[in-house]
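Visitor: I'm new to this one. Could you pick a single part and walk me through it closely?

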Amino acid sequence: MSHSNPNPNPHRRFATPQSLSDWLKPRLPSDSFDSWGVKPGTKNVHNLFLELSEGETTLINDNDDSSPPELSDGTVRDRNRPLSEKMKPGETLEAAVARAVREELGSVIGDGDGVVRIVPDSYVKKVEERVSVSYPGLPARYVLHSVDAVVDGLPDGDFCTEEGAEYEDTGENRVADAAICCKKHYWRWVDANAV
């Protein structure tokens, strides 16, 4: 049995970063939008366009076009947080964990099989609603899936990793070249109770 949805297609799709920018700009505070990619720790419109294209993030808007859009995101990457990564559409938790470790820590642990073991019964799901850190002024809903994991091959002390390209460009407009990416990450060990 199905029921009618008053807003059957709430997810917005955009052909270019410019069309996304044109749609967002009048809906967000100008000082917030102007800080995207300029204020430290923020990303730019090209990043959001790529996240939308990859299905990692969706923009949801109700029928009132004057209201601000809402960002629905897989997880948040933030300073002083445990390793985190956005989940891909249809990706299992186990696959997401393995990919996250490979992408974030691969430069120090290599690509060997069996380096990641999820601790049984450690899975927790949490939903947070707050203004986006990466995209100031944009209300966001973060669905956070967390697990404890054992990762073989990590250094005993503080260490640094290098991350490869987050997105591959398939189009002629080279969107990924204009996106902001973090290539170097600094890691330190903390007590589990402090996380």
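Guide: Let's start at the N-terminal end of helix H3, where Asn44 acts as a cap: one of its side-chain oxygens sits 3.0 Å from the backbone nitrogen of His46. A quick word on the source: this is a predicted model, where local features need pLDDT of at least 70, side-chain atom pairs count only at pLDDT 80 or more, and totals for chains, interfaces and linings use all residues. Residues are numbered from 1 along each chain as its sequence is written, and side-chain values use heavy atoms, leaving out hydrogens and water.

H3 itself covers residues 45-54; helices here are DSSP runs of H or I with at least four residues, numbered from the N terminus. Seven of its 10 residues are buried, meaning under 20% relative accessible area with a 1.4 Å probe, protein chains only. Those seven are Val45, Asn47, Leu48, Phe49, Leu50, Glu51 and Leu52. After H3 comes Gly55, with a positive phi near 80°.

Now for a neighbour. The axes of H3 and helix H1 (residues 17-24) come within 9 Å and cross at roughly 105°; axes are lines fitted to C-alpha atoms over the stretch in contact, with angles from 0 to 180 degrees between N-to-C directions. That makes H1 roughly perpendicular to H3, a label for 65 to 115 degrees. From H1, Pro17, Leu20, Ser21 and Leu24 make the contact, and from H3, Val45, His46, Leu48, Phe49 and Leu52; contact means heavy atoms within 4.5 Å. Sorted by type, these residues are seven nonpolar, two polar and no charged.

Methods
Buried < 20%, exposed > 50% of the residue type's maximum accessible area, 1.4 Å probe, protein only. Helix = DSSP H or I, 4+ residues; strand = E, 2+ residues; numbered from the N terminus. Polar contact = N/O pair within 3.5 Å; in protein donor to acceptor, adjacent residues only side chain to side chain. Parallel < 35°, antiparallel > 145°, perpendicular 65-115°, else oblique. Nonpolar A, V, L, I, M, F, W, Y, C, P; charged D, E, K, R; others polar.
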